[in-house]
Amino acid sequence: QRVLLIDELDRADDEFEAFLLEFLAEFAVTIPELGTVRAKRPPVVIITSNRVRELHDALKRRCLYHWIEHPSFERALEILQLRVPGVPEGMARQIASTVQQLQQMELYKRPGIAEMIDWAEAMLALGVREMDADVAADSIGAVLKYYEDQQRVRDRLAQLIAVEPGGRA
């Protein structure tokens, strides 16, 4: 079985979404220089969206919807340790816990697993073995990509990195 992944469709423009609707109706596309190219067997199509903008109802009617929650702390920690071997256990726990807390805040762009991994990789690249508020403040750009988000959390970083999973300080 073939699979077609269309990642973050909500970041594409309306014209692409209209093109996609046409493509999904026939599993074919016309290329002026080549003519019509048609799939021999229709693929399973997986479309992801981060809800940057709403997708058109016509597209949503053709889809099965499945919401994927952020992983639990334990799963996030497991992913982090698998993807960033050598990250110290304590720092991995701090990063996973802090990212989970950031995911609950009102931010322009809430961090996900990719940003959590980026943060851990940045720490290792800088030779950091233990996170404190100063290190977190200096490296927050690895996990928060908007200046306004960085400013919003900068004063709370010491508190955020000190909270254990489950909300215990």
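Start your tour by selecting aspartate 149, which counts as buried at 0% relative accessibility. Buried here means under 20% relative accessible area, exposed means over 50%, and partly exposed lies in between, with a 1.4 Å probe and protein chains only. Now add arginine 152, which is partly exposed with a relative accessible area of 39%. Aspartate 149 and arginine 152 form a salt bridge, with their closest N and O atoms 3.2 Å apart. A salt bridge is a side-chain nitrogen of Lys or Arg within 4 Å of a carboxyl oxygen of Asp or Glu. Side chains of opposite charge can pair when their charged atoms come close. Both aspartate 149 and arginine 152 sit in helix α7 (residues 147-154), 3 residues apart, about one turn of the helix. Helices (H or I, at least four residues) and strands (E, at least two) are DSSP runs, numbered from the N terminus.

A word on what you have open: this is a predicted model, in which local features need pLDDT of at least 70 and side-chain atom pairs count only at pLDDT 80 or more, while totals for chains, interfaces and linings use all residues. Residues are numbered from 1 along each chain as its sequence is written, and side-chain values use heavy atoms, leaving out hydrogens and water.

**More salt bridges**

How many salt bridges does a search of the whole structure find? There are 10. For another of them, select aspartate 14 and arginine 53, whose side chains meet at 3.6 Å, N to O. This pair links distant parts of the chain: aspartate 14 belongs to helix α1 (residues 14-26), while arginine 53 is in the loop between β4 and α2 (57-60), 39 residues apart. Aspartate 14 is partly exposed at 42% relative accessible area, and arginine 53 is also partly exposed, at 21%. Add Glu17 to your selection, and you have a network of salt bridges linking Asp14, Glu17 and Arg53.

Next, pick glutamate 54 and lysine 60, which meet in a salt bridge of 3.0 Å, N to O. Glutamate 54 is exposed, with a relative accessible area of 57%, whereas lysine 60 is partly exposed at 38%.

**Two surface patches**

Switch to a surface view and color Val3, Leu5, Val44 and Ile46. Together they form a nonpolar surface patch with about 350 Å² of accessible area. Which elements give two or more residues to the nonpolar patch? They are β1 (3-6) and β4 (44-47). Patches are made of residues with over 30% relative accessible area and no salt bridge, joining like charges within 9 Å and nonpolar side chains (Val, Leu, Ile, Met, Phe, Trp, Tyr) within 5 Å. The accessible areas come from the Shrake-Rupley method with a 1.4 Å probe, and for residues only the protein chains shown count as cover. Zoom in on leucine 5 in strand β1; this residue is exposed, at 53% relative accessible area.

For the second patch, select Glu130, Asp132, Asp134 and Asp138, which form a negative patch on the surface. Asp and Glu count as negative and Lys and Arg as positive, with His and the chain ends not counted. The place of a charge is taken as NZ of Lys, CZ of Arg, CG of Asp or CD of Glu. Within this group, aspartate 134 lies in helix α6 (residues 133-139) and is exposed at 57% relative accessibility.

**A hairpin**

Back in a cartoon view, find strands β2 (residues 28-31) and β3 (residues 35-38), which pair in the antiparallel sense over 4 bridges. Two strands pair if DSSP finds at least two bridges between them. β2 and β3 form a hairpin with 3 residues between them, and threonine 30 stands opposite threonine 36 in β3.

**Backbone angles and distances**

In the loop between α1 and β2, stop at phenylalanine 27. Its phi is positive, about 50°, although phenylalanine 27 is not a glycine, and this residue is buried at 18% relative accessibility. Glutamate 8, in the loop between β1 and α1, has a positive phi too, near 55°. Is glutamate 8 buried or partly exposed? Glutamate 8 is partly exposed, at 30% relative accessible area.

Finish with a distance between C-alpha atoms. Tyrosine 108, in the loop between α4 (89-103) and α5 (113-125), is exposed at 56% relative accessibility. Tyrosine 108 and glutamate 148 are 40 residues apart in sequence and 7.8 Å apart in space, C-alpha to C-alpha.
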